[in-house]
Each structure stands twice: as structure tokens, then as C-alpha cells.
Amino acid sequence: MSNRVTIVENILSANDQVAQLNRKLLDEKKIFSINLMASPGAGKTSFILQTIKALSASYRIGVLEGDTAPVTIDADRVNAAGMPAVQINTGGDCHLDAVMVNKGLGELPLDQLDVVIIENVGNLICPAAFKLGTHVNVLIASIPEGDDKPYKYPAIYRGIQILIINKTDLLPHVTFNMDYFRQGVEMLNPGLITFPVSCKTGEGIEEWVKWLAAQVKMMQS
């Protein structure tokens, strides 16, 4: 058991060193960066596309798309929206790591970008353990997933700076106790900045993009 712990610690330490290099690169380029995490189907790509739609007139947004399979579906959608995207195939791994992100950043036109969004693999466990070098960790929790996720997956909720509650348009049709959900979040991450949104109706997106635009301006000042 002790050997296994040592190996895991060594892996994470090596990962963190590359994550620091990623952050240094992004800081030098004055690019605000986001590690976007969620379970499969929570609406990560739809959220990215809504963000691009709202900010494309003012900012250039590059996207790294993490996937366990060699497909380019999500990257193609971002490209179709007019922004550069790179698909990262993890080879079956359940998360992105700093090395994968470092390689992906090398394929983006960083000198032309203001924001980089990294769409992590759909998973509420593994991504929480690996730093990527981004400025913020953002989690999307969608209404259909249920209101018990903070209680079942505490690690990922503890390690985020922003929470997006997506698919709020489904609240009238799904059993979801918002007070119970928020109580679980507050116990793990007091005062967490939260944006309830619906990527379908656009509700709440304006508040999110205002926050994001403010971070970009501070980054570039």
C-alpha cells in the first residue's frame, strides 16, 4: 500500500510541475483560462458555445476538448462557431492532465487569444485530482443529475471556484430540491460563486459572461 501511495504522489507531483509551466505560459500571454468539469451530459459544450456566442464580438476564445475516444464532435462545433479548438484524445483515461494540456496549448494560436476553456472529460471523480494550470476550476451541475451530487462527490465540489447550475428550465419538470443542493455545496465550499443558467433559454448566461469579461479585463490590465 505504501508503494502505491508513493507512486501516486510522484505522479501528482510531476503533473503539478507541468501545471505550473502551463500557468506561467498563460500568464505571459495574458490569457484567462478555465478548467471546465462536469459529468457526461451536463451541458459542457453547450455552455461553451453560449459563452462564445455572448463574447465573440469582444474576445477570442480557444478551446481544448478532452475526450476518451478519438472523435472531434465537440471541437467541430466550436470551430463552426468561429473559434479555434483542439481535440485531446486521452486514450481512455478518465481525465485530462497537465501534460496533455501543455501539448494542446501548443496547438492553439495563443498570441491571438484572450480566453482558453479546457473542457475536461465527463467525470466527477478523476478530474478533481489533477491540476492543469488554469486560473479557475469551474463545475457544471445539471438539474437532471439530482440534488445529491455534492454529498456523493465532495472532492470536486471542494476544489472549484465557480459553480454553474445548468438546465434550470427543467426545474418545473424534475424532482430537485435546490435548498438541499445548495446546503451540500455550502458545507463543502462556503461562499462559492454560483451561476444558475439554462443553455436552452439563455437565462443566466449574461451574469456569467459579465463575470468572465471582468476576469479577462483584469488579466489584461
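Two strands pair if DSSP finds at least two bridges between them. I kept that cut-off at hand while going through this predicted model.

**Entry 1: strand β6 and its neighbours**

I started with β6, residues 162–166. I looked up its partners on either list of bridges. Strand β5 (residues 136–142) is joined to β6 by five bridges, and the two run parallel. Five bridges meet the requirement of at least two, so I count β5 and β6 as paired. For a single contact I noted Ser 142, whose bridge partner in β6 is Asn 166.

I then checked β7, residues 193–196. Four bridges join β6 to β7, again in parallel. Leu 163 has Thr 194 of β7 as its bridge partner.

How do β6, helix α7 and β7 fit together? They make a right-handed β-α-β unit, with α7 spanning residues 178–188.

**Entry 2: burial of β6**

I asked how many of the five residues of β6 are buried. The count is five of five, and I wrote the strand down as mostly covered. I also sorted the side chains by direction. Ile 162, Ile 164 and Asn 166 point one way from the strand. Leu 163 and Ile 165 point the other way. Both groups are buried. Asn 166, the bridge partner of Ser 142, is thus on record here as a buried residue of the first group.

**Entry 3: largest pocket**

I next went to the pockets. The largest has a volume of about 320 Å³. Its lining holds 20 residues, and Lys 131, Leu 132, Gly 133, Thr 134 and Asn 137 are the closest to the centre. I looked up which elements give two or more residues to this lining, and found α1 (2–29), β1 (32–38) and α6 (154–158). Of the elements, α1 gives the most, with four residues. By class I noted nine nonpolar, eight polar and three charged residues.

**Entry 4: second largest pocket**

The volume of the second largest pocket is about 180 Å³. I found 14 lining residues. Nearest the centre of this pocket lie Pro 40, Lys 44, Asp 74, Glu 119 and Gly 122. Which elements each supply at least two residues of the lining? They are α2 (44–55) and β2 (61–67). The class split of this lining is three nonpolar, seven polar and four charged.

Conventions: Residues are numbered from 1 along each chain as its sequence is written. This is a predicted model: local features need pLDDT of at least 70, side-chain atom pairs count only at pLDDT 80 or more; totals for chains, interfaces and linings use all residues. Side-chain values use heavy atoms; hydrogens and water are left out. On a 1 Å grid over the protein atoms alone, a cavity is a set of points where a 1.4 Å probe fits but cannot get out, and a pocket is an open set with protein on both sides within 12 Å along at least five of seven lines; lining residues have an atom within 4 Å of a point. Grid points are joined across faces, edges and corners, and a volume is the space filled by probe spheres set on the points. Ala, Val, Leu, Ile, Met, Phe, Trp, Tyr, Cys and Pro count as nonpolar, Asp, Glu, Lys and Arg as charged, and the others, Gly among them, as polar. Buried means under 20% relative accessible area, exposed over 50%, partly exposed in between (1.4 Å probe, protein chains only). A crossover is right-handed if, with the strands pointing away from the viewer, the path from the first strand over the helix to the second runs clockwise.
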